[in-house]
Amino acid sequence: MTSTSTPPGLARFNALEEHAALAALHEVCASTAWARRLLAGRPYATAADLYAAGDAATAGLTAADLDEAMAGHPPIGRPRPGDAASAREQSGMTGASDALRAELLDLNLAYQEKFGHVFLVCATGRTGEQMRDAVKERIGNAPEREREIVRTELGKINRIRLARLVEGDRRTMSTETTASVSTHILDTSAGRPAGGVAVHLHARSGRTAHWQALGGSATDEDGRCRDLPALPEGTTHVRLDFAVEAYFEETAEKQADAQQDAPANRDGGAPVFFPEVAVTFAVVPGEHYHVPLLLNPFGYSVYRGS
């Protein structure tokens with residue numbers, strides 16, 4: 001059953017052959033029981049129906065099902081090679097210091113030793129420090145309490161991944177009901193794209209509305225974010241948060257060579273004056289907004305590109 005309000009991605013999911021639909025659902029959640037329950041519910045009239053079915057399936061997972069689902073998730077800070085979903089969700093670890101990565105590794109191992117499974121958290125929109133603090137906070141929980149937290153976090157992750165499954169086309173194409181956003185970063189001090197910069201996307205519907213964290217990604221070697229999350233219908237304002245400090249810390253030596261007279265090279269100061277860049281702009285449905293960031297250690301500029 002398909003209606004005019006059915007997102008194109010959902011219509012495609014409804015029409016998939018059973019084996020292809022099952023494979024797509026396994027990309028969302030590694031639990032076979034979860035995937036088969038959602039498969040049995042097709043066709044879905046709206047994305048909300050699919051999300052509700054996903055929530056119900058997550059709530060109904062047995063202990064063994066939950067273990068199977070968790071086995072599909074890598075440790076925080078160590079996404080498996082080729083696991084694009086986890087790498088995207090853990091983009092807050094992009095540029096994390098060696099010290100933070102080592103601390104997270106130790107905490108992950110301690111957590112696994114206590115609970116017998118990987119530490120699971122909805123990492124979308126979280127910084128590396130926030131994920132570390134979450135492990136520290138939860139490692140003291142009783143096993144029964146932690147199990148329910150894991151189920152809740154799994155539900156959040158599944159919802160985000162289902163949204164990508166059925167609404168992914170909105171990231172690259174404008175529609176009549178929402179806007180779309182893309183960006184790239186050019187390091188003007190070095191004359192090259194800035195790769196590996198974490199970018200987080202927020203949206204709100206009205207000037208007085210609260211910001212909603214939609215997740216994020218990281219720039220590739222061309223300095224581009226090619227997979228920012230879709231914007232919800234009704235979005236009027238968008239905020240892009242660029243975590244640029246880690247990028248400049250990693251390239252400080254090259255930046256010093258490129259900017260011999262920069263203040264940081266004369267007085268030994270910080271390699272970057274603006275550790276974070278937040279860009280807020282208004283959007284209207286049906287439009288695509290490409291907002292590039294021109295960046296150097298002591299300043300930046302943005303504009304609406306094409």
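**Figure 1. The β6-β7 pair in the predicted model.** Ala243 stands opposite Glu276 in β7. The model is a predicted one. Strand β6 covers residues 237-243 and pairs with β7 in the antiparallel sense, over seven bridges. In a regular strand the side chains alternate between the two faces of the sheet. Strand β7 (residues 276-282) shows this alternation: Val277, Val279 and Phe281 point to one face and are buried. Glu276, Ala278, Thr280 and Ala282 point to the other face and are not buried.

**Figure 2. The four-stranded open sheet.** The strand order is β4-β3-β6-β7, and the pairing is antiparallel. β4 (212-218) and β7 stand at the edges; each has a single partner strand, so one side of each is left without a neighbour in the sheet. From one strand to the next the twist averages 20 degrees.

**Figure 3. Strand β3 and its two partners.** Strand β3 spans residues 198-204 and is mostly covered, with seven of its seven residues buried. Ala198, His200, His202 and Arg204 point one way from the strand, whereas Val199, Leu201 and Ala203 point the other way. The residues on both of these sides are buried. Six bridges link β3 to β4 in the antiparallel sense. Seven bridges join β3 to β6, and these two strands also run antiparallel. Ala203 of β3 can be followed to both partners: its bridge partner in β4 is Gln212, and in β6 Ala203 stands opposite Val238.

**Figure 4. Packing of helices α2 and α3.** Two packed helices are described by the angle between their axes and the distance between the axes. For α2 and helix α3 (residues 32-40) the angle is about 130 degrees and the axes are 9 Å apart. The two helices are therefore oblique to each other. The crossing of α2 and α3 is right-handed. On the α2 side the contact is made by Glu18, Ala21, Leu22, Leu25, His26 and Val28. On the α3 side the contact residues are Thr32, Trp34, Ala35, Arg36, Leu38 and Leu39.

**Figure 5. Surroundings of Ala21.** Ala21 is found in helix α2, which runs over residues 18-28. Its relative accessibility is 0%, so Ala21 counts as buried. Not counting residues up to four places away in sequence, Ala21 touches Phe13, Leu16, Leu39 and Arg42. Among them, Leu39 is also listed on the α3 side of the contact between α2 and α3. Ala21 and Arg36 are separated by 15 residues in sequence, and their C-alpha atoms are 9.7 Å apart in space.

**Figure 6. Packing of helices α7 and α8.** Helix α7 (residues 98-115) packs against helix α8 (residues 128-138) at an angle of about 30 degrees, and the axes are 10 Å apart. The helices α7 and α8 are therefore roughly parallel to each other. α7 passes α8 in a left-handed crossing. From α7, the residues that meet α8 are Leu100, Glu103, Leu104, Leu107, Tyr111 and Phe115. From α8, Gly128, Glu129, Met131, Arg132, Val135, Lys136 and Arg138 take part.

**Figure 7. Surroundings of Asn158.** Asn158 is found in helix α9, residues 143-167. At 1% relative accessibility, Asn158 falls under the 20% cut-off and so counts as buried. Leaving aside neighbours within four places in sequence, Asn158 is in contact with Val28, Cys29, Trp34 and Thr58. Of these, Val28 and Trp34 also belong to the contact between α2 and α3. Asn158 and Tyr51 are 107 residues apart in sequence and 8.5 Å apart in space, C-alpha to C-alpha.

**Figure 8. Two buried cysteines.** Cys29, one of the residues in contact with Asn158, has a relative accessibility of 1% and therefore counts as buried. Cys225 has a relative accessibility of 4%, so Cys225 counts as buried. A search of the whole structure finds zero disulfides.

**Figure 9. The whole protein, for orientation.** The protein has 12 helices and 10 strands. It comprises 306 residues, of which 47% count as buried. Among contacts between residues at least 6 apart in sequence, 70% join residues at least 24 apart.

Key. Residues numbered from 1 in each chain as written. Predicted model: local features only at pLDDT ≥ 70, side-chain atom pairs only at ≥ 80, totals over all residues. Heavy atoms only, no water. Disulfide = S-S within 2.5 Å. Buried < 20%, exposed > 50% of the residue type's maximum accessible area, 1.4 Å probe, protein only. Pairing = 2+ DSSP bridges. Axes fitted to C-alpha atoms, helices over the stretch in contact; angles between N-to-C directions. Contact = heavy atoms within 4.5 Å. Parallel < 35°, antiparallel > 145°, perpendicular 65-115°, else oblique. Left-handed = near helix turned anticlockwise from the far one by under 90°.
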